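Visitor: I would like to go through some of the labels used for this model and hear what lies behind each of them. Could you take them one at a time?

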Amino acid sequence: MTEDQQHGSFNFAAHRLAQEARQALSFGSRGVKDVTAEFATAAKQLQPGQLVKDDYFTLFEAVGALEIMDPKMDSGCVPEDDSFEAEFDVCRGLEAAEIIWILDELLCLEAAWHDGYPLSQTVFTSLHVDRLLSPDNNAPYNLHYDRRPAGDLSNDEQLVHIVLRAYCLALIKCSQLVLHTVQSQNFYEEEDFVTHLFGRELLPKLSTDECYRLLDDALRFITTLNLPADTSEALKARLAFRRNYLAALIDDTDDWPDLIARMEVIDSTNSLGRPLREAFSDKVQRQLATSTPPRPMLQVSWKDAYARWTKMCAGIIETERLTSFWICQSPHCLQRAMWAFSYLEPQPNTFARAYLQDRLFGSDRITEDVSHFDLLLTDIRDLVLAGDPLADPDSFQVELPSDPRHQCSRHIEAFMDKAFEEYLNVYRMVCQNRCRIRRTFTQAIPIMDALETEAIRTDEELNRLAPREAMPNKSGAKVQLNPLTTWTKFYKVQIMARTIQLGFETEIYLPDELCTMYWLLSVFAHHQCSRIEAIERHLLVRTLSLLDHPQQNSRYAAECMASRDWLRSLHLQWDATRMMALALWRLCGILMAVRIIEAPKRDFAQDQLLYDARMKPYLSVNNEPIPSLQDLDRARQNIKSVEVTCKSIEMDVKEAKAHLAEVKMMSPEQAKYVGTEEQWKREMKQLETTCVAIAVQASQLMRIAGKHGKKGAQEGDSLKETVEASIPPPEKRYHGWWVVPQLKERKM
Amino acid sequence: MSGNSKHAVNDTPNEQPPVAKGHVELRYVPYGAEKESTYLPAIRQLISKDLSEPYSIYVYRYFLYQWGELCFMALDEQDSLIGVIVCKLEPHRGGPMRGYIAMLATRSEYRGQGIATKLVRMAIDRMIEMDADEIALETEVDNTPSLRIYENLGFLRTKRLHRYYLNGNTAFRLILYLKPGIPYKPTFPPDYPPLSPSEQGQGLMDEDLIARQAALMRIEDVRGETHDVTGS
Ligand SMILES: CC(C)(COP(=O)(O)OP(=O)(O)OC[C@H]1O[C@@H](n2cnc3c(N)ncnc32)[C@H](O)[C@@H]1OP(=O)(O)O)[C@@H](O)C(=O)NCCC(=O)NCCS
């Protein structure tokens, strides 16, 4: 999603405006002419509201217009009894207590900026910051740049000119570094973060070393003052925090735990501050380059800000842990780590998410010894080609052109080149906000489908160059493994399943759609299971042939064993997903059949068009298309009476639980959840609880139906007056991806 | 659009809006093709009541001048404005003919009587007459009345838009297909010339500012998606 694509129309609008501006400016050279009268006459010929526009005048331009002098729209508009600028002398001396309050207020505003609010409503409202950033101000950026102070400075003045100034400069520098990290990675402007600088520059000429020096001077200066001990410590803690934060951002240290500790000290001395609200004003917006309406300065409580800072530092510490060497060795451990990170509560902020992306994608290596290429190759090997000379890193080194290993490697490389970007997105996209994860995954589906076509072609080449034994499939026909096709399909379907699961989490589906979506999920899970079984069959043969010659390649044998465990864990997880999805499909299906869940009237809709709209992301899939509307309807007809359905649900749940119980026993190495053991455990628990909840609701339905003699109720009957269903919002579910309708007997 | 409603802010200063008593006879009329109807100030006032920040008059004119026939008003016996819907209809990225419901509001004391539903129906009917392929809109995730209206008529939620509105609220994109085969219609990326760095103006001419303005007003999903022919 390049900026260009996103902002194509803005670019164009801006292009035109720039041209017009140039033309307008060239007027000067031709002399000035008063056109007021002509303009007024011409304007009179228009009807009120008539829009004179060319084809390129778009809605963007319409909203770009402001009504000048409307105080709600025009940020430059000054009400009559108001002054243009804030009346506060930033050079004036301040007491230590006031300084402490300002520093904490700045931390509050900075936290709000991290949280997605623009600088104009946050950090820039500080009049001290504003003065330092003023376009007329220059290195070395003094508060009093325009008028040198006369004589010696009092202590209070020095607190401002030495301490506060150093702090503000360092804060601006920190903001610049944060901005740099965020902008170097994927994020969504406005949704996640506002990078806009409103025409200001963040002190490009000030070096980090200079900031350190100023902060050190300030620290030293404080010790020379005769301040009460707690005040002195409070000031020092704030300066030290800023210094270490700057150092962490510039990568001089990675001591984020230290920042949390310093924050604690700041928190414990927050009450020493004495408010000085005049030091901040939203009037600064009048001088910022913006066409947006004036907005109030943000109010953030210290408690909130403190929590956010602590969370952010904790998030960053977690990024370091989750990208440790052992996790990065294994693509699947790393993928689990990405999801674990994204699902930290609350979701890590934009900076922490960018920080993680930067760690993984800032260079061509995931970690010291693992390049992005290795990661992808390991992934392919782990899943489909363990113990096979094909895709063995050693085979890539064979240089003899006639050697099939050399030839095959070139084909695999070419495929990997094509797969690369989308494969890394599997990691990167999980670092986006939850809504975007779903949407970018949705966009990945056609790309993966096209990649699959590529994989099919490559597999044909590989089969030709290095023919291997075909294996009978479930129905006895002999088939090739087609490793790259299988690998691509596995990821494609996994992504498709995730889009559905995230659809549940983001409440995209109405109650009457749950049934269909769980059916579709069960279909995807079913495909995954068959695919894994096929891989397992081929792996078994490969393993057996290796065991025949144990001395030949013990590395291959070990790979096969590891892959066998890994495939088993995947199989069990997809089986559990499939059974849970089936159980919920049945539950929602029977609730619809007996009208406990009803579809809205939908006067303007047609079934086929609803299907088209809902299935749009999956309709472009050419390889293994999704079920049609008729397939879905046919499936629903299999849902019989309340009694029969509830029995089946019970069986499904039992089976799902058995799969979960089995996979739970697997070690972090076997099931590849090294580094995310805690999250794994929690997730298993959530899934088990979900299973119980499904069973409970099914028996609840049976109980109420039985009480009313309606166990045999089926399509055409109505239990609407008897049973009431409510759909729990995500925060009330045991797991966001699993929606279990809650049933209750209606009071007559 | 029209979603940046003031959250939890009651729109009448004197608390609980009085519910209009008895049965009011309403007339439903199109804004029509006249250049600027006398109703514009009333429309503006009604819509902006629920917005934390006002739209400039040009936004209204943009819609009403070009798609006056897709704006419908509910008027009482004294011809005062009780409800309004404002829409547009044009090809979406060179693909399907997309209707877009930009604004919808009912005066608070008249809510819950089906007025907005009626207005939406009229707009949809007119869009169908004008050969629309699909209709889209956004609304806040917790605007239950609005979701109820559209979902009852057949709209589906297709996307959740994180922090879509000025007030930081999240929205759903809703869509209604009117014709078969819409997902298969190709769309095209906007093919505007890229802006060369030398052409980037300063201050108000800055493209960032325009982008930001449009994004803030949330008139449409201006940030869009990665472009691909299948869309999402
Ligand atoms: C949204 C709005 C236009 C609805 O106007 P209205 O004339 O009251 O709408 P209707 O009477 O046609 O329909 C309202 C529906 O919401 C339902 N509803 C209203 N409040 C509800 C609530 N708190 N919980 C559940 N449903 C509610 C009504 O029951 C009705 O649904 P029904 O037809 O199934 O009974 C009006 O509330 C409004 O002007 N809001 C402010 C502006 C706005 O939000 N615009 C929409 C942005 S796109």
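Guide: Let us begin with A:Lys672, which is buried, with a relative accessible area of 11%. Please keep in mind that this is a predicted model.

Visitor: Why is A:Lys672 called buried?

Guide: Buried means under 20% relative accessible area, and A:Lys672 has a value of 11%, so the residue counts as buried.

Visitor: What makes the contact of A:Lys672 with A:Asp382 a salt bridge?

Guide: The rule asks for a side-chain nitrogen of Lys or Arg within 4 Å of a carboxyl oxygen of Asp or Glu; the closest N and O atoms of A:Lys672 and A:Asp382 are 3.7 Å apart, and therefore the pair qualifies. A:Lys672 sits in the loop between helix H23 (642-664) and helix H24 (677-707) of chain A, while A:Asp382 belongs to helix H15 (residues 372-384) of chain A, so the pair ties together parts that are 290 residues apart in sequence. A:Asp382 is buried as well, because its relative accessible area of 17% is under 20%.

Visitor: How do you know that A:Arg274 and A:Glu95 form a salt bridge, and where do they lie?

Guide: Their side chains meet at 2.6 Å, N to O, which is within 4 Å, so the definition is met. The pair links distant parts of the chain, 179 residues apart, with A:Arg274 in the loop between H10 and helix H11 (302-322) of chain A and A:Glu95 in the loop between helix H4 (59-64) and helix H5 (96-114) of chain A.

Visitor: Why are A:Arg274 and A:Glu95 called partly exposed?

Guide: The term covers values between the buried limit of 20% and the exposed limit of 50%; A:Arg274 stands at 35% and A:Glu95 at 39%, so both residues carry that label.

Visitor: What are the accessibility labels of A:Arg405 and A:Asp403, which meet in a salt bridge?

Guide: The two side chains meet at 3.0 Å, N to O. A:Arg405, at 41% relative accessibility, counts as partly exposed, whereas A:Asp403, at 14%, counts as buried.

Visitor: What makes A:Asp255 eligible for the negative surface patch?

Guide: A patch residue needs over 30% relative accessible area and no salt bridge. A:Asp255 has 38% relative accessibility, so the area requirement is satisfied. This residue lies in the loop between helix H9 (229-249) and helix H10 (256-268) of chain A, and the patch also includes A:Asp209 and A:Asp358.

Technical notes:
Residues are numbered from 1 along each chain as its sequence is written. Chains are lettered from A and ligands numbered from 1 in the order in which they are written. This is a predicted model: local features need pLDDT of at least 70, side-chain atom pairs count only at pLDDT 80 or more; totals for chains, interfaces and linings use all residues. Side-chain values use heavy atoms; hydrogens and water are left out. Patches are made of residues with over 30% relative accessible area and no salt bridge: like charges are joined within 9 Å, nonpolar side chains (Val, Leu, Ile, Met, Phe, Trp, Tyr) within 5 Å. Accessible areas come from the Shrake-Rupley method with a 1.4 Å probe; for residues, only the protein chains shown count as cover. Lys and Arg count as positive and Asp and Glu as negative; His and the chain ends are not counted. The place of a charge is taken as NZ of Lys, CZ of Arg, CG of Asp or CD of Glu. Helices (H or I, at least four residues) and strands (E, at least two) are DSSP runs, numbered from the N terminus. Buried means under 20% relative accessible area, exposed over 50%, partly exposed in between (1.4 Å probe, protein chains only).
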